[in-house]
Amino acid sequence: MEYDFKSIEQKWQGNWRKSNTYKVEELDTMPKFYVLDMFPYPSGAGLHVGHPLGYIASDIYARYMKHKGYNVLHPMGYDSFGLPAEQYAIQTGQHPAITTENNINRYREQLDKIGFSYDWDREVRTSEPNYYKWTQWIFKQLFDSFYCDTDNRAKPIEELVHAFSESGNKGVKAACDEDTPQFTAEQWHAFSEYEKEDILQKYRLTFLSETWVNWCEGLGTVLANDEVKDGRSERGNFPVEQKLMKQWSMRITAYAERLLRGLDTLDWSDSIKEIQRNWIGKSKGASVTFKIEESDQSINVFTTRSDTIFGVTFMVLAPEHELVNKITRPEQKEEIEKYCQSAALKSERDRQADVKTVSGAFTGAYAIHPFTNERIPIWIGDYVLASYGSGAVMAVPCGDQRDWSFASQFGIEIKNIFNDTDISEGANEDKSAIIDHSDFLSGMTSKEATQKVIEALEEKGIGEGKINYRLRDAIFSRQRYWGEPFPIYYEDGIAKATPSNNCIELPPVDKYLPTEQGEPPLARANKDDWNIFHGERMEYNTMPGWAGSSWYFLRYMDPHNEEAFVSKEKADYWGQVDLYIGGAEHAVGHLLYSRFWTKFLCDRGFIGFDEPFKKMINQGMILGRSNFVYRINDTNSFVSFDKRKEYKCSRLHVDINLVNNDVLDIEAFKNWREEFKDAEFILNENEEYLCDFEVEKMSKSKYNVQTPDDLVEKFGADTLRMYEMFLGPLEQFKPWDTKGINGVHNFLRKFWRLVHDDENNFDIEQCEPNNEELKALHKCIKKVTEDIERHSFNTVVSTLMIAVNELNDLKSKNKTIISQLVVLISPYAPHFAEELWQRLENMDSVTLAQWPQFDEKHLQEDAFTYPVSFNGKMRFTMDLSADLSKDDIEKAVLSFEKTIQYLEGKSPKRVIIVPKKIVNIVV
């Protein structure tokens with residue numbers, strides 16, 4: 001009887017559930033360790049083999065740390081609000097909660113089969129009212145807070161109101177909108193309630209404002225920049241346009257500097273840190289005011305090259321800039337409107353990325369140079385963004401390549417303000433050039449000129465030195481149904497937070513679509529449909545997908561607390577996540593927002609740390625191997641891959657389950673889809689239809705998904721766990737290939753046979769292990785421990801294989817040796833290890849066993865075989881004790897009979913000895 005993985009895995013999964021093996025409680029007697037995966041969105045397709053990669057790695061480390069004596073928190077939950085469930089609801093009418101529940105059940109079934117050590121009693125779901133009640137509560141804390149620049153932290157809004165009542169806002173140093181007016185205490189008291197709230201909205205950490213957003217008509221909602229690619233939505237591939245809308249936003253910009261500095265404290269990859277640094281985008285420069293000719297308007301610009309101000313020959317506004325309509329001359333109006341419409345179809349990311357296309361339009365208006373009083377033409381161009389800086393640039397074509405290309409395209413003057421520099425072929429962006437033709441700046445270096453200009457600007461009252469950040473406030477509204485409702489109602493047009501901490505639940509609606517007036521789906525709900533209703537109406541928008549994921553790691557610490565999102569005591573115990581594993585694609589989304597919310601919650605005293613994830617590993621993607629068929633254009637005929645060049649064809653994905661070794665099962669293909677039932681095929685010389693293949697992202701739409709279910713059924717969960725690690729380094733992208741899985745499965749079978757006889761009886765020996773057995777074991781302990789510690793999970797598998805092979809060669813069945821080897825394999829193959837641990841007559845779970853301790857003495861050699869050379873030529877070898885000194889080695893060698901024979905009575909001139917290496921006798 002062989003290794004029966006099916007019955008073993010079923011048995012131990014049942015035992016773990018029954019005995020609550022993985023239940024975790026706070027224990028002051030043990031050091032804590034918090035291991036976490038980025039929790040999944042439960043899609044209808046379920047898990048494919050790529051999804052568990054990070055989960056398996058984190059589970060291995062969690063189990064390892066438990067063996068090392070730590071109290072390990074290793075939970076799992078679901079990021080269960082999402083567009084797919086809502087899209088399905090729109091198509092079918094089925095409530096997203098039903099779809100989500102079904103999908104979660106499917107995920108849970110798959111996860112349980114793989115044998116993870118999750119404490120399921122701590123499971124969270126972001127779409128459950130008992131969870132999003134606290135997301136709403138955190139939103140209200142943000143709403144009732146402002147950022148104090150003096151204390152460099154968030155504080156209650158009541159303190160700001162008190163300051164306004166006492167002395168207005170002249171002395172207040174706080175993060176606020178740039179257009180915030182100054183007012184006295186008397187004026188504050190005279191303001192109406194509406195006017196006061198309008199002022200407070202300019203300070204609140206979550207606030208309403210008119211904002212340029214990525215509007216997706218196809219999805220009926222606003223999208224974040226990271227949800228848009230090439231002007232289209234990542235989900236659904238719908239067109240996205242720029243649109244000015246009143247939205248809830250989060251004042252993440254107040255935390256820009258702290259988010260930047262905090263990166264230095266984190267054990268994250270350099271690439272992720274650099275992505276966040278670039279996204280935050282700190283720049284030192286100056287703000288400059290340019291008056292507009294024949295107008296009382298002016299243009300404020302931010303520039304990092306104020307030293308080049310005398311090289312300005314034109315200005316460029318973002319197409320969305322509020323001044324565009326005000327300053328455009330009548331004769332230019334049609335062209336400007338046409339250009340603005342075209343620019344609105346591009347996302348900000350696409351506009352930034354497209355450096356080759358040069359486009360723009362002249363407004364007909366002119367600005368006045370603040371130093372020379374020269375007229376400067378004002379253009380608009382989509383390479384300038386309304387949300388960065390002031391949405392305007394002073395264009396210096398001699399010193400900026402984009403400006404140079406723009407000026408060259410439209411025949412605008414290019415002044416050269418650099419000494420002894422040729423700009424005929426392009427701009428000079430080298431800051432080492434000496435400034436010239438620039439009045440009081442001529443002859444200065446860039447650094448000298450920059451400081452001089454700032455002094456002059458401040459003296460004239462037309463500018464100042466300034467630090468700018470590329471980071472923008474985060475849009476927090478979605479015009480969807482399936483998301484967290486805002487704890488906000490409106491009274492006399494004023495947005496107010498709901499007074500109680502009770503959850504505002506999603507009301508029932510007749511359709512999951514916007515209303516005929518274009519309002520979000522929640523506007524369809526009647527007053528009586530809401531479980532809580534205040535004022536004239538509730539907020540109709542819902543929160544974005546990143547709301548619930550920004551703090552979920554905290555709820556795992558205290559998931560059943562009905563009085564707080566987490567108790568301070570438990571937050572202090574578990575603290576930061578010690579190891580976080582997830583995808584790098586979340587660098588400027590979830591990972592940035594989580595850091596922001598954590599810093600805010602720390603500022604307000606709810607938790608005692610201001611960074612959520614101490615160490616993070618970004619796992620690579622397991623890629624699928626896709627297959628393709630070639631259809632002859634305008635026909636239903638398919639030609640074999642190796643004959644495709646004879647025809648004009650289109651390449652189509654085909655389900656990999658219809659292909660074996662790249663040969664198509666033609667009958668199965670015909671039955672696959674209705675459109676192919678009458679298909680005809682042109683075969684190759686072997687009378688086969690050969691498919692093309694390509695390694696690419698595993699996706700349902702590419703028909704290349706391999707689910708773990710089939711592999712668990714065929715090989716077992718322990719084999720799958722070990723094989724996914726064996727594929728290569730965790731951080732690397734790697735193609736999925738099942739050809740190697742048999743080797744891993746055979747390794748477990750070999751280990752099983754090592755401790756069972758031919759009748760499958762457990763066969764073990766109780767005696768003292770010999771030196772060879774101890775050496776094999778301790779080599780394994782050393783390498784496995786070192787590799788797990790440095791998260792080199794793939795090399796551990798090969799080390800375990802080597803150890804089993806060595807013990808097999810030694811015919812070792814020693815109980816002491818096998819017991820420790822079982823503990824070493826248990827993080828990787830927990831079912832297998834539990835079964836052997838029980839057969840080794842242990843009463844407790846293997847998860848409670850102490851990690852084996854490495855002892856160097858078992859790797860020390862008792863003897864060493866020395867090659868003995870004469871004048872560099874090796875003549876014979878000698879076995880000597882490994883701990884002999886040089887003098888003892890020399891005495892032993894010189895007295896050896898073969899040495900005497902080769903010396904032929906001569907005395908050696910010199911004896912060269914390198915211990916545990918060589919002996920060379922010079923004669």
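## Surface and overall build

Accessible areas are obtained with the Shrake-Rupley method and a 1.4 Å probe. For the protein chain, the accessible surface computed in this way comes to about 42300 Å², and 45% of that surface belongs to carbon and sulfur atoms. The structure is a predicted model.

The protein chain has 923 residues, and buried residues make up 53% of them. Its C-alpha atoms fill a box of roughly 110 × 80 × 75 Å along the principal axes. The secondary structure comprises 29 helices and 34 strands. Among contacts between residues at least 6 apart in sequence, 71% join residues at least 24 apart. The chain carries 110 positive and 147 negative side chains, and the centres of these two sets lie 3 Å apart.

## Two open sheets

Strands of a sheet pair through backbone hydrogen bonds, either parallel or antiparallel. One open sheet in this model has four strands in the order β6-β5-β9-β17, with antiparallel pairing. Its edge strands are β6 (221–223) and β17 (474–475), each of which pairs on one side only. Within this sheet, strand β5 (residues 206–216) and strand β9 (residues 241–250) are joined in the antiparallel sense by 10 bridges. Valine 213 stands opposite lysine 243 in β9.

Another open sheet has three strands, in the order β19-β18-β20, and its pairing is also antiparallel. Here the edge strands are β19 (494–497) and β20 (537–538), and each pairs on one side only. Strand β18 (residues 488–491) pairs with β20 in the antiparallel sense over two bridges. The bridge partner of tyrosine 489 in β20 is methionine 538.

## A strand covered on both faces

In a regular strand the side chains alternate between the two faces of the sheet. Strand β12 (residues 314–317) is covered on both faces. Phe314 and Val316 lie on one side, Met315 and Leu317 lie on the other, and all of these residues are buried.

Strand β12 pairs with two strands in opposite senses. With strand β15 (residues 392–395) the pairing is antiparallel and runs over four bridges, whereas with strand β14 (residues 375–380) the pairing is parallel and runs over three bridges. Methionine 315 has a bridge partner in each of these strands: methionine 394 in β15 and isoleucine 378 in β14.

## Serine 359 and lysine 346

Serine 359 lies in the loop between α13 (348–353) and β13 (361–368). Serine 359 counts as buried because its relative accessibility is 18%, and the cut-off for a buried residue is under 20%. The side chain of serine 359 makes a polar contact of 2.7 Å with the side chain of tyrosine 339. Apart from neighbours within four places in sequence, the residues in contact with serine 359 are Tyr339, Ile380, Gly381, Asp382, Phe406 and Phe410.

Lysine 346 is placed in the loop between α12 (333–343) and α13. Its relative accessibility is 27%, so lysine 346 counts as partly exposed. Apart from neighbours within four places in sequence, lysine 346 is in contact with Val240, Gln242, Arg351 and Asp382. The side chains of lysine 346 and aspartate 382 make a polar contact of 2.9 Å. Asp382 is thus listed among the contacts of serine 359 and among those of lysine 346. The C-alpha atoms of lysine 346 and glutamate 241 are separated by 6.0 Å, although these residues are 105 residues apart along the chain.

## Residues with a positive phi

Most residues other than glycine have a negative phi. Asparagine 20, however, has a positive phi near 50°. Asparagine 20 is found in the loop between α1 (5–19) and β1 (32–37).

Aspartate 662 is not a glycine either, yet its phi is positive, at about 70°. Aspartate 662 is located in the loop between β26 (659–660) and β27 (663–664). With a relative accessibility of 14%, aspartate 662 counts as buried.

Key:
Residues numbered from 1 in each chain as written. Heavy atoms only, no water. Buried < 20%, exposed > 50% of the residue type's maximum accessible area, 1.4 Å probe, protein only. Polar contact = N/O pair within 3.5 Å; in protein donor to acceptor, adjacent residues only side chain to side chain. Contact = heavy atoms within 4.5 Å. Lys, Arg positive; Asp, Glu negative; His and termini not counted. Charge placed at Lys NZ, Arg CZ, Asp CG, Glu CD. Pairing = 2+ DSSP bridges.
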